[in-house]
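The exercises below work through one structure, each with a task and a solution that goes step by step. Please look at the sequence and the coordinates before reading the solutions.

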Amino acid sequence: QNLAWEMAHSLEQNKFHLHYQPQVDIKTGALLGVETLIRWHHPRLGLISPAEFIPIAEQTGLIVPMGYWVLQQSCLQYQRWLSQGIPPFKLSVNLSLRQLQETNLVTEIKNIVSQTKINCQQITLEVTESLMLCEPGETIHHLNQLNDMGIQIAIDDFGVGYSSLSYLKDLPLQTLKIDKSFLDDLLTREKNQVILQTIIELGHRLGLKIIAEGVESSEQLAVLKSMDCDYGQGYLFSRPLTDQDATALFRTSS
Ligand code: G
Ligand code: G
Ligand code: MN
Ligand code: NA
């Protein structure tokens, strides 16, 4: 495929960009941290959504080097922010299932950590719940090793996967990230409220933090607050920002 080849080429030439979307403490409004989101400005086709190119990168395996690049660049940027006097915050980075299945995943991540000297306690890796569809033994082992380093694990897009809830007791997790589809009809469909409330209670009873993604309105925020949801991410707070815009935001909110 042409796009796959161009992607590999762009990666070699450092032509991908990273945006950072704020995550906010719902009770206090304080900034919790940011999620790194990759962007690709294609020379001819313009901006291509990761929803389009990530699946291709997963098929070809390019997601593996791409994922390391995203983590490494995020950690470097994070350290730049700290060196500019910005107080520490949480850095969330997406980890594809393909990466989680790599034998040397933990070694690679340890290399990035020691190279960038980032504090592991500040890193969260987001993995989708479909991870339980693949070989559980090795992925759990990887997640345990990452946890042992101090890295936190979040389940991304929670609630839309096909896996059973039983994996919640088997995996080393700290955070559930509720899929934005649960917020879409929150104000009009009572069933969505019941499901959302139940997920939040389930998570809390398992000792997990809950973050809602796709928060777009103050009405949604009010519902989340009443349900005791911990954190939120979405256009209501901020769109994904360039590193310069994120820097400006950090300066005003610290
Ligand atoms: O960034 P949105 O802005 O469009 O991202 C669309 C999808 O692409 C989301 O499901 C998001 O998780 C995924 N995505 C964005 N950046 C990355 C990345 O660096 N790695 C992986 N694996 N997925 C990413
Ligand atoms: O990795 P994850 O699936 O969490 O990626 C977040 C995705 O959701 C990205 O594509 C990001 O651009 C998108 N997003 C973030 N906030 C909002 C929002 O408030 N509304 C919608 N529709 N999408 C959002
Ligand atoms: Mn994510
Ligand atoms: Na998501």
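**Exercise 1. Find which residues Ile-153 touches beyond its sequence neighbours, and place Ile-153 within the nonpolar core.**

Step 1. Once residues up to four places away in sequence are set aside, Ile-153 touches Leu-125, Val-127, Leu-143, Leu-146, Asn-147, Pro-172, Leu-173 and Gln-174.

Step 2. The largest nonpolar core has 57 residues, and Ile-153 is among those that touch the most other members, together with Val-93, Leu-125, Val-127, Ile-178, Ala-212 and Leu-224. Helix H3 gives the most to this core, with 7 residues.

Step 3. As background, nonpolar side chains in soluble globular proteins tend to be buried together.

**Exercise 2. State how much confidence the model carries, and then describe the overall form of the chain.**

Step 1. This is a predicted model, its mean pLDDT is 94, and 98% of the residues reach 70 or more. The scores for the model are ipTM 0.96 and pTM 0.96.

Step 2. The chain holds 11 helices and 9 strands. Its radius of gyration is 18 Å, close to the 18 Å given by the globule rule for 254 residues, so the chain is as compact as a globular protein of that length.

Step 3. The C-alpha trace spans about 50 × 45 × 35 Å along its principal axes, and 35% of the 254 residues count as buried. Of the contacts between residues at least 6 apart in sequence, 65% join residues at least 24 apart.

**Exercise 3. Set out the surroundings of ligand 1 and of ligand 2, by residue and by class.**

Step 1. The residues that surround ligand 1 are Leu-37, Ile-38, Ser-49, Pro-50, Ala-51, Ile-54, Gly-67, Val-70, Asn-94, Ser-96 and Pro-240. Strand S2 (31-42), helix H2 (50-60) and helix H3 (63-83) are the elements that give two or more residues to this shell, and H2 gives the most, with 3 residues.

Step 2. Sorted by class, the shell around ligand 1 has 7 nonpolar and 4 polar residues, with no charged residues.

Step 3. Around ligand 2 there are 15 residues, of which Glu-213, Gly-214, Glu-216, Gly-234 and Tyr-235 come nearest. The shell around ligand 2 has 4 nonpolar, 5 polar and 6 charged residues.

**Exercise 4. Locate Leu-18, decide whether Leu-18 is buried, exposed or partly exposed, and list its contacts.**

Step 1. Leu-18 lies in strand S1. It has 19 C-beta neighbours inside 10 Å, and since a residue is buried only from 20 upwards and exposed at 12 or fewer, Leu-18 counts as partly exposed.

Step 2. Apart from neighbours within four places in sequence, Leu-18 is in contact with Thr-36, Ile-38, Arg-39, Val-70, Gln-73 and Ser-74. Ile-38 and Val-70 are also among the residues that surround ligand 1.

Step 3. The C-alpha atoms of Leu-18 and Thr-242 are separated by 7.0 Å, although these residues are 224 residues apart along the chain.

**Exercise 5. For Asn-14 and Asp-157, give phi, the place in the chain and the exposure.**

Step 1. Asn-14 is not a glycine, yet its phi is positive, at about 60°. Asn-14 sits in the loop between helix H1 (2-12) and strand S1 (16-25), and is exposed, with 9 other C-beta atoms within 10 Å.

Step 2. Asp-157, also a residue other than glycine, has a positive phi near 50°. Asp-157 belongs to strand S6 (residues 152-158) and is partly exposed, with 17 other C-beta atoms within 10 Å.

Notes:
Residues numbered from 1 in each chain as written. Chains lettered and ligands numbered in written order. Predicted model: local features only at pLDDT ≥ 70, side-chain atom pairs only at ≥ 80, totals over all residues. Helix = DSSP H or I, 4+ residues; strand = E, 2+ residues; numbered from the N terminus. Rg over C-alpha atoms; globule rule 2.2 N^0.38 Å. Contact = placed C-beta atoms within 7 Å. Near = placed C-beta within 6 Å. Nonpolar A, V, L, I, M, F, W, Y, C, P; charged D, E, K, R; others polar. pLDDT = per-residue confidence, 0-100. Core = buried A, V, L, I, M, F, W, Y, C linked by C-beta atoms within 7 Å.
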